[in-house]
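Hi everyone, thanks for coming. I'd like to walk you through one model today, so let me put it up on the screen.

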Amino acid sequence: MPQNLDAVAVRAWCRLALDALGRAREEIDSINVYPVADGDTGTNLYLTVESASQAVDAAFTGHDPALPSLAETVRAMAHGALIGARGNSGTILSQLFRGMAQILGGPEGDERAETHDTDHTAHADQTAHTDQTAHADHADGHVLELALRRAAESAYEAVAHPVEGTVLTVATAAAKAAGAAGSTDCGTVARAAYDGACVALDATPGQLAVLGRAGVVDAGGRGLVAVLGALVRALSGETLSHKAADGGHARVEAAECEELPTDGGGPAFEVIYLLEADDRAVARLRARLDRLGDSLVVVGGDGLWNVHVHVDDAGAAVEAGVEAGRPHRIRITHFGVGDAHTTAQPPRERTQRAIVAVVPGEGLAGLYAEAGATTVPTRVGEPPASGELVDAIRRAHAREVVLLPNDAELRHTAAAAAEQARTEGVRVALIPTRSAVQGIAALAVHAPDRRFDEDVVAMTSAAGATRYGELAVAERQSWTMAGICQAGDVLGLIDGDVAVIGSEVAPTAASVLDRMLSAGGEMVTLVLGESVPDAVAERLEKHVRDTYLAVDTVVYRGGRQSALMLIGVE
């Protein structure tokens, strides 16, 4: 049966694309040499897709328990990418999503499909397919092909001076390959698009001189390949990993980027802002910004636009936006320096060092705050976005920041936030803590008077020496590493895997402790959720005291929104 694209598949695509970009972020950053060798393309693409994914999740939440339509979902994806677009490649990716939404998003898509189809025979057939599927809650392979074609066309239209050998070339190749597939199966069309994009990506060093000199492929195109690979996985379950024709992509360090020959010094500033304006005002704005600088990309429509340009006169670029409409979320970056945020008040002096930590539960938030950390509260099932972590780093107002994500699932989000903060001049060390109890262990050895590197090493060692466990209640019947659990069972997890299945909290926790302490330990940390009575803690403390010599136990209250129980063994 042919695979179709629906709202659930789009949501999965966004999440898988975010994960793929998170894993590839450092690689993409390292090969970023065009249009500016500022090493941030991977981070910018990650932040753009993160915003798109959050918008899609919000669309699902707004319709719960029902599902949003395909049209509502792709429009949310495009809008989220538009308002969260970062950098040149992120802005272009947002327009690719918008182009797809024009086809997948309902009646408007039919009209645009007709406008951009020059083959009358194919046009009649493809319009028929669009009529059958774009108005429903799914799209078939022919409609997906139209969407990919419109995406590439709209991206070219958004760039003032398109250059071959970039993400635009890769997007066009993907669309052509999708069209050549001639299939009604979305999985087949997506795989053809991915394969076409890979071939085009490998050819980019021969199309753009700066890429050839550096020996790398285009960073934006590499990011698009990751996004298309995620689409294939969302539709067919197939996991793909692209390797360049030479077996891998060369890494270009920042110092090397500065030595690469270029066609000129280039503008000093990157200016990005959202703009509320009508189409005629935006047309005038394009012409004015084109005279002011280069790398001009203006994406969006329906009154809301995202403007990106490289200029020497950042004030003039913002002033042009003011004359065109209402600019907001203005971001000015001086290449090689960081963000240029102007303020009427002189900036207050930064502290030397701070800790920023993600914490589940009000009780833990208080504990971390008492230890001097800036906290990012989180609820079970609602992880923070990278923007929230960046905001917390800014609130800490320190020259050096140690970031504790305290969740294995936040590793990519935290890495993107750390990279963004570094562009703002903050020295950030990310310690990959996977649980709040590892964060507590790291905080216990934190010494702000030590050299930064020494402090980070000590904190990392303390966190790494702490095994972590957790108790949770099963929501449904499921297969686990410990066997089949039923809804309502108490699950004991060790290092992220289910190790014990029980019916009551105290015996299950005791079993988890026995397994964790079988390899030795000197200190047990228990963090109790709001529903766990003190008697359980007393019972567990007695169990440790009676069974294990010279092992101390410390108990904290996690408070509201915390896990049922967290366990740490140092």
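**A walk through the model**

Let me start with a cysteine: C14 is buried, with a relative accessible area of 4%. Another one, C485, is buried too, at 2% relative accessibility. Before you ask about cross-links, the structure holds zero disulfides. And please keep in mind throughout that this is a predicted model.

Now to the aromatic rings. How many aromatic pairs does the count come to? The count comes to one aromatic pair. The partners are W13 and F97, with ring centres 5.6 Å apart and planes at 80 degrees, so the pair is edge-to-face. If you trace the chain, W13 belongs to helix α1, residues 7-30, while F97 belongs to helix α4, residues 87-104, so this pair ties together parts that are 84 residues apart in sequence. Are these two rings buried or exposed? W13 is buried, at 3% relative accessibility, and F97 is buried with a relative accessible area of 4%.

Those two names come back when we turn to the nonpolar core. The largest nonpolar core has 82 residues, and the members that touch the most other members are L5, W13, F97, L144 and L148. Which element gives the most to this core? That is α1, with eleven residues. So you can get a feel for the neighbourhood of L5, here is part of its contact list, leaving aside residues up to four places away in sequence: among them are V10, L70, L104, L144, L231 and L235. L5 also touches D137, H138, A139 and C186 under that same restriction. There is a second, separate core as well, made of 26 residues and including V500, V512, M516 and A537.

One more ring deserves a look. R11 lies over the face of F60, at 4.3 Å from the ring centre.

Next, the backbone, for those of you who like to check torsions. The peptide bond from Y34 to P35 is cis, with omega near 0 degrees, and P35 is found in the loop between α1 and α2. Where is the next cis bond I want to show you? It joins D64 and P65, with omega about 10 degrees. P65 is in the loop between α2 and α3.

Then come two residues with positive phi. H397 has a phi of about 50 degrees although it is not a glycine. Its place is the loop between α16, residues 386-396, and β10, residues 398-404. H397 counts as buried, with a relative accessible area of 15%, because the cut-off for buried is under 20%. N406 is not a glycine either, and its phi is positive at about 55 degrees. You'll find N406 in the loop between β10 and α17, and N406 is buried, at 7% relative accessibility.

Let me finish in helix α21, residues 534-547, where D546 lies. Is D546 buried or exposed? D546 is exposed, with a relative accessible area of 52%. The side chain of D546 makes a polar contact with the side chain of K542, at 2.6 Å.

If you take one picture away, make it W13: a buried residue, paired edge-to-face with F97, and among the residues that touch the most other members of the largest nonpolar core. Thanks, and I'm happy to turn the model around for anyone who wants another look.

Note on methods. Residues are numbered from 1 along each chain as its sequence is written. This is a predicted model: local features need pLDDT of at least 70, side-chain atom pairs count only at pLDDT 80 or more; totals for chains, interfaces and linings use all residues. Side-chain values use heavy atoms; hydrogens and water are left out. A disulfide is a pair of cysteine sulfur atoms within 2.5 Å. Buried means under 20% relative accessible area, exposed over 50%, partly exposed in between (1.4 Å probe, protein chains only). Rings of Phe, Tyr and Trp (its six-membered ring) pair if their centres lie within 6.5 Å; planes under 30 degrees apart count as stacked, over 60 as edge-to-face and the rest as tilted. Helices (H or I, at least four residues) and strands (E, at least two) are DSSP runs, numbered from the N terminus. A charge sits over a ring if NZ of Lys or CZ of Arg is within 6 Å of the ring centre and within 35 degrees of the ring normal. A polar contact is a pair of N or O atoms within 3.5 Å; within protein, one must be able to donate a hydrogen and the other to accept it, and residues adjacent in sequence count only if both atoms are side-chain atoms. A nonpolar core is a set of buried Ala, Val, Leu, Ile, Met, Phe, Trp, Tyr and Cys residues joined through side-chain atoms within 4.5 Å. Contact means heavy atoms within 4.5 Å.
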